[in-house]
Amino acid sequence: MAKMHISTTINGEPTEFLCDPSQSLLDVLRDNLGLTGSKEGCGSGDCGACSITLDDRLVCSCLVLAPEAEGKKIETVEGIAQGDQLHPLQKKFVEFAALQCGICTPGFLIASKALLAKNPNPTETEVRFGLAGNLCRCTGYDKIIRAVMEVAAEMRGAAR
Amino acid sequence: MSTGQGNSGKYKWIGTRVDRPDGADKVTGRARFGADFNMPGQLIGRVLRSPHAHALIKSIDTSAAEKLAGVKAVITAQDLPEQPNVIVPAGEMQVNLRDITRNILAREKVLFEGHPIAAVAATSDAIARQAVELIKVEYEVLPHVIDVAEAMKPDAPVLHDHLITEGVKPPPTKASNIAKRMDNAKGDIEAGWKQAEVTIEREYTTQAVHQGYIEPHACLASAAEDGQVQLWSTTQGHFQVRGFVSRLLGIETSQIRVTPSEIGGGFGGKTVVYLEPIAVRLSQKSGKPVKMVMTREEVFRASGPAPGGTVRVKLGARKDGTIVAAECEIALQAGAFPGSPLGPACWTSFACYDIPNIKVVGFDVVSNRPKVAAYRAPGAPISAWGVESTLDILAQELGMDPIELRLKNAAKKGTKTSYGPTFDTIGFVETLEAIKNSAHYKTPPKPGYARGVAAGFWFNVGADSSAAAHVAEDGTVTVISGNPDIGGSRASLALMAAEELGVDYEKVRPVIADTSSIGFNFVTGGSRVTFATGLAVVNSVRDMIRELKVRAAKTWGVDPDAVVWEDGMAKPAGSNVGEFEPLSLAQLAATAGKTGGPINGHAQLNAQGAGPGFGVHVVDLKVDRDTGCVHIDRYTAAQDVGTAIHPSYVEGQIQGGAVQGIGWALNEEYIYNAKGRLDNAGFLDYRMPVASDLPMIDALVVEVPNPHHPYGVRGVGEVPIVPPLAAVGNAVARSINIRMTDLPLSPPRLSAAIDAATPKMAAE
């Protein structure tokens, strides 16, 4: 089967790749482009570990066909930090111990960033529902929710 | 939040909430987990699995798969040597080598749906999947049995013709599915029943649940022509992986080097091997590196869940609440091969309580399910579900507060357990009091909500650990150990090293070494790492301090005994030694070349005295009578942790364990259809708790130091999954006035129970 040529932007970098038409975007990110930060926990869109944004929309990259990325803008966990500066969400996740094993963390960070972009002033319930598509088996979610709430408060403070 | 004796304030580093050393790697996507390794020229391995629950394998024809372009190797059980009938330890569990080689690749029979039969290695995943489809297997399908009670019946389909029940005298003459009977007792149970004024007896069931780690099993094997094997694996114990691969493939241990990846959760489920021996054999056969990753479906169908089972509990008490007799009978699913966590289930059943007369009987039962693996306090949540539910009924019957009833019977220092040991300093009473005095317990539940409480115990494990400490030229320190960091243990090890050395936490870098770079370490399991490997790290640092004192003594021209180590510096022991300015670690490191060369420390030990842990949980919840859906409003978990080395990660363990227990109580279960096939092998249908299902989980950290550790550490990780099953069940019972005895308390089951108990509208 002939490979398809796809042009896209990943974490701000114009990127081209060849893929099988049936390949998932997650597989291309991980296997073709070496961006292994996005994780495959289920392959069926139920765990959120492969969360990325596609034209600023939160998606499970295991459910996106790689050719769908044509002309679109992708953000993965590798693009959250700016140079040697961690994003406030990354800093707070570490400070608040909002990760234990860390496998779900990239997905949670992307989903949290997308949530705060849409709703900078979320209630605890809104954060819990906003992140309900991301499974974490270690933390019981408590520390993750606290970290996201804290970043929201800080970002609102900084915006003032 | 910290209650109890709160000893951690006396330390500089221990008890502080520092950033973990691997934090930045984990939030930037840089950390390498199991599936993140690749090698140039690697092949992809895939496994053919049984569609049947129970069948004889008549023949396997791999010729079509072998001919497919891109396929480089195909193996079946014939490619692994036969193994002796020998039991070896695997985490807190035991495995039989004969069985484990059959679990990895089926031989005479397939024993569960998903049982591996053959494996291929090909140049791409697509080709490997296609090749698996081309393998032809002829089966003779046999009758199967899924349920434990059914499997114990005399006319049940027998899985293993050679399986004679152990622990029964005289031994049975006929094979059955009951692999083992276990008895343990204390006092005189019949005399106990005579003293009882109230007796309660109930039977409970639980279903199999999966550990549900988010990262599927993965490995990458590279076998060279000279016989050396390199293996990268996501595992809780890379030394264990080395041992299994060595035994199962007949390779000398020294020829295998296993490097652990970051591990995306395990909870006991990554203490055994599934893919590694297959990947190594495929690599040997093809001459190429072979990478294998399970799909989520394969994880559910063919990696170890925790067993379900039945528990019958009988309690006898005086009217004042003193428990005088206790009996428990437990039957656990082992899966396709013997070896459920029956011992721990039996031993821990009444361990929270000082009861004079105890009788416990357990049965290990095989059925056509995947072989069970350890899952956080293996076995204990199941017996505690029965015992703590029955205690709640007793409290209701006697009109006692459930915490008061537990306080009246609580195990203390000096209490002799039914399984042998007598407790040293433990913190169960302090943990019960922490809940009793908590804001949660002092506030009545909201209108419409009901409250449940339950306690839990886990003995925790010590075992083998090695560690090394090195000083670099600039005075910074590397601490090397051999336990995969599953939930922040790098931080706890570095904190203890910094405390012991008297240097800043940031000056200590913890490293997890491969099997060739550090001495043996038992698995990351049994809540042992901060306790046992922590002890090894402390001892390696003490060994290094001895050397540092020798170097200072040499610098000053005094006897090493005249030097003391304080606050990260060598100082003269007293004024009679002489007037010397203290020498810092950095100064000693800078002159090391002149005083004797590199400065290192080492330690190796078999840690004894793991302090047992106790937890008490309280939950407020509401049952929607129309849907059977449970809404949790408030949850508090208290636990004696000895000393909280890093309080945030201690709380995280307590919160995470509680939530896994809530999932077990409310929704999680393996569901089989009539053909013996698993109907819910995915995260959509196997419903683990998500963030919106839960409130914040309050963790009350109680600190009663373990006298057998220099910093008072007890294991933390396992206790918190023990109480939630009964805590939730007890709250549900008090909410709807129906005592549910079958887990999970899922909406369909609760709806059915509520409907059955509600007078029919039509009848009115």
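Is Q100(A) buried or exposed? This tour of a predicted model will come to that residue after a view of each chain.

**Chain A as a whole**

Select chain A and display it as a cartoon. The chain contains 5 helices and 5 strands. Following the sequence from its beginning, one meets them in the pattern β-β-α-β-β-β-α-α-α-α.

Next, show the C-alpha trace. Along its principal axes, the trace of chain A spans about 50 × 35 × 25 Å. The radius of gyration of chain A is 16 Å, which agrees with the value near 15 Å that a compact globule of 160 residues would have.

Now turn on the surface of chain A. Its accessible area comes to about 6,600 Å², and carbon and sulfur atoms account for 51% of that area. Of the 160 residues in the chain, 54% are buried. Among contacts in chain A with a separation of 6 or more, 55% join residues that are 24 or more positions apart.

Colour the charged side chains to finish this view. Chain A has 16 positive and 20 negative charges, and the mean positions of these two sets are 7 Å apart.

**Q100(A), between the chains**

Select Q100(A) and show its side chain. Q100(A) is in the loop that runs between helix 2 (88-95) and helix 3 (105-118) of chain A. The opening question can now be answered: Q100(A) has 3% relative accessibility and therefore counts as buried. The cut-off for this word is a relative accessible area under 20%.

Add the surroundings of Q100(A). When neighbours within four places in sequence are left aside, Q100(A) is in contact with C138(A) and T139(A) from chain A, and with R20(B), I486(B), G487(B), G488(B), Y649(B), G652(B) and Q653(B) from chain B. Draw a distance from the side chain of Q100(A) to the backbone oxygen of G652(B); the value is 3.1 Å. A second distance can be drawn from Q100(A) to T139(A): these residues are 39 apart in sequence, and their C-alpha atoms are 6.5 Å apart.

**Chain B as a whole**

Select chain B. This chain has 21 helices and 31 strands. Its radius of gyration is 27 Å, close to the 27 Å given by the globule rule for 764 residues, so chain B is as compact as a globular protein of that length. Taken along the principal axes, its C-alpha atoms fill a box of roughly 95 × 75 × 55 Å.

With the surface shown, chain B has an accessible area of about 26,600 Å², 51% of it belonging to carbon and sulfur atoms. Buried residues make up 65% of the 764 residues. Of the contacts in chain B with a separation of 6 or more, 79% are between residues 24 or more positions apart. The chain carries 75 positive and 82 negative side chains, and the centres of these two sets lie 2 Å apart.

**Helix 3 of chain B**

Select residues 97-104 of chain B. This is helix 3, in which 8 of the 8 residues are buried. Begin at its N-terminal end, where N96(B) acts as a cap: a side-chain oxygen of N96(B) is 2.7 Å from the backbone nitrogen of R98(B).

Then select D99(B), which lies in helix 3. Its relative accessible area is 9%, so D99(B) is buried. Not counting residues up to four places away in sequence, D99(B) touches F337(B) and P338(B).

**W385(B) in helix 11**

Move to helix 11 (residues 380-398) of chain B and select W385(B) within it. W385(B) counts as buried because its relative accessibility is 0%.

Which residues does W385(B) touch, not counting those up to four places away in sequence? They are Y204(B), T205(B), T206(B), L725(B), A726(B), G729(B), M740(B), T741(B), D742(B) and L743(B). To T205(B), draw a distance from the side chain of W385(B) to the backbone oxygen; the value is 3.3 Å. Then select A727(B), which is 342 residues from W385(B) in sequence but 8.4 Å from it in space, C-alpha to C-alpha.

**Helix 12 of chain B**

For the last stop, select residues 402-409 of chain B. In this helix, number 12, 6 of the 8 residues are buried. The buried residues are P402(B), I403(B), L405(B), R406(B), L407(B) and N409(B). At the N-terminal end of helix 12, D401(B) serves as the cap, with a side-chain oxygen 2.8 Å from the backbone nitrogen of I403(B).

Key: Residues numbered from 1 in each chain as written. Chains lettered and ligands numbered in written order. Predicted model: local features only at pLDDT ≥ 70, side-chain atom pairs only at ≥ 80, totals over all residues. Heavy atoms only, no water. Helix = DSSP H or I, 4+ residues; strand = E, 2+ residues; numbered from the N terminus. Rg over C-alpha atoms; globule rule 2.2 N^0.38 Å. Buried < 20%, exposed > 50% of the residue type's maximum accessible area, 1.4 Å probe, protein only. Contact = heavy atoms within 4.5 Å. Areas by Shrake-Rupley, 256 points an atom, 1.4 Å probe, with all protein chains shown as cover. Lys, Arg positive; Asp, Glu negative; His and termini not counted. Charge placed at Lys NZ, Arg CZ, Asp CG, Glu CD. Polar contact = N/O pair within 3.5 Å; in protein donor to acceptor, adjacent residues only side chain to side chain.
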